[in-house]
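Here's a quick tour for anyone meeting this structure for the first time. Have a look at the model, then read on.

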Amino acid sequence: MVSIVRKAALWAAVSTSVLLAPHAVLAETIFGAMAKAYANNPDLNAARAGLRATDEGVPIAKSGYRPQVSASATGTLTRVDQERTGTRDFHDGQVGISITQTIFDGFQTLNNVRAAQSDVFSGRETLKANEIQILLSAAQSYANIARDQQIVSIRRQNLAFLREQLNAAQARLDVGEGTRTDVSQAEAELANAQSLLVAAIAQLKQSEAVYVQIVGAAPTGIRQPGPATKGMPRSLDQAVATGLRENPQILAAQYNVDSAGFQVKSAEGTMLPGVVLQGSVTRNTGNSGTSGLDDTTASVTARLEVPIYQGGAEYGQIRQAKEILGQQRILVDSARASVQQTVVSAHAQLESALARITASRSQISAANLALEGVIEERKVGQRTTLDVLDAQQDVLDAQESLAAAQRDAVVASYALLAAMGKLTVAVQGLQVAEYRPEQHYEAVKDKWFGLRTVDGR
């Protein structure tokens, strides 16, 4: 059996003549559409913003390592009105600063940080999966428009052919060689063809609307693309192995397992002793004390806390964390099964579409020869107008089947790449700046303070 890559290469060679049409310089390629979707799609930009929010979980978790500083100030004014001495005012003031530093918290902060980091890594893989899905949607919408444009063109040509047949039937009727039935049949087919053309144009408009939604720009100069070639596997086994190794949904699920494991350790840390060191400085002023003098007080306190029983909440939280860990492990198996099914399905659809393309081309050639023969036979009275119309319908069906098969081959090939985790900017060589989520993470992971985001908001 010819490999998928070889079949795709043959199909790309066949499509070259289409791509070399006039004004091809202005045509939008399927790679250009994917690049625009990567840069403009609002759902993808929203997912990137969500990942940046996830990044902030790391400095939040690291706050458990850092001191907590608080300041306080109080002031009291007391007025005493006595009959003998009259009115006297007394004032007291206190200003203090306190610093609290956790020395040991049962490794809760350590495990919270590791869990937050795993969440970031999982979020990156989820973002990659979203990027792949958007690129696949862009490729699919591009292929849909190419198919719909072909169908509109085919049905317009069919309409012109049927008009010729109606005129010919009317001419034969006028000279007494045909019948009113022939004319009526031609008129009925012409009306049906007009209805089919209107439906095809409506479908094309719908596909263009979807394209604008995904890509963020109106389609211009779209030409029939060929199936993907970059990153395609040599065999189904290689495709499955690559998908199980590189599909971002599986990788995200594995990072979720890591995060859940650290959450279990963090929950267990609530049952361990904790050590806190606190220092404070207080300045007292006023004239209401016994001495009436200002004073400054400084203290350092070390506190050891040993949890004995906290109402049972700690045990429930540990059991809950363990169940979540078990759930995440099961989801990894689910993701693997889903990816394997998707890879096998896409591979089968691609093989089927490529075979249908070959069959449809043969069908078109045979149907055209049959149509020419029926037309010639009608001229000598061996065939009727209905026979010609039926033969033309066979040609129309074969042409539309080819357009559908070409579209399916393109979509299946990119769906296969998506399931393998290969439908990315780097692998496909898209001319667009690749989003680097690690840049934002590196900028915020160790921040101690600051209200503005990395982009200045």
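## Surface and overall form

The protein chain has an accessible surface of about 24,800 Å², and carbon and sulfur atoms hold 54% of that (areas by the Shrake-Rupley method with a 1.4 Å probe; for residues, only the protein chains shown count as cover). Keep in mind that this is a predicted model, where local features need pLDDT of at least 70, side-chain atom pairs need pLDDT 80 or more, and totals for chains, interfaces and linings use all residues. Residues are numbered from 1 along each chain as its sequence is written, and side-chain values use heavy atoms, without hydrogens or water.

Some whole-chain values:

| Property of the protein chain | Value |
|---|---|
| C-alpha span along principal axes | about 140 × 55 × 45 Å |
| Radius of gyration | 37 Å |
| Globule rule for 457 residues | 23 Å |

With a radius of gyration well over the rule's value, the chain is more spread out than a compact globule (the radius is taken over C-alpha atoms, and the rule is 2.2 Å times the number of residues to the power 0.38).

Now for the inside. The largest nonpolar core has 77 residues, and Met34, Tyr414, Leu416 and Leu423 touch the most other members. Such a core joins buried Ala, Val, Leu, Ile, Met, Phe, Trp, Tyr and Cys residues through side-chain atoms within 4.5 Å; buried means under 20% relative accessible area, exposed over 50%, and partly exposed in between (1.4 Å probe, protein chains only). Its largest share, 19 residues, comes from α10 (helices are DSSP runs of H or I, at least four residues, numbered from the N terminus).

Terms used. Helix = DSSP H or I, 4+ residues; strand = E, 2+ residues; numbered from the N terminus.
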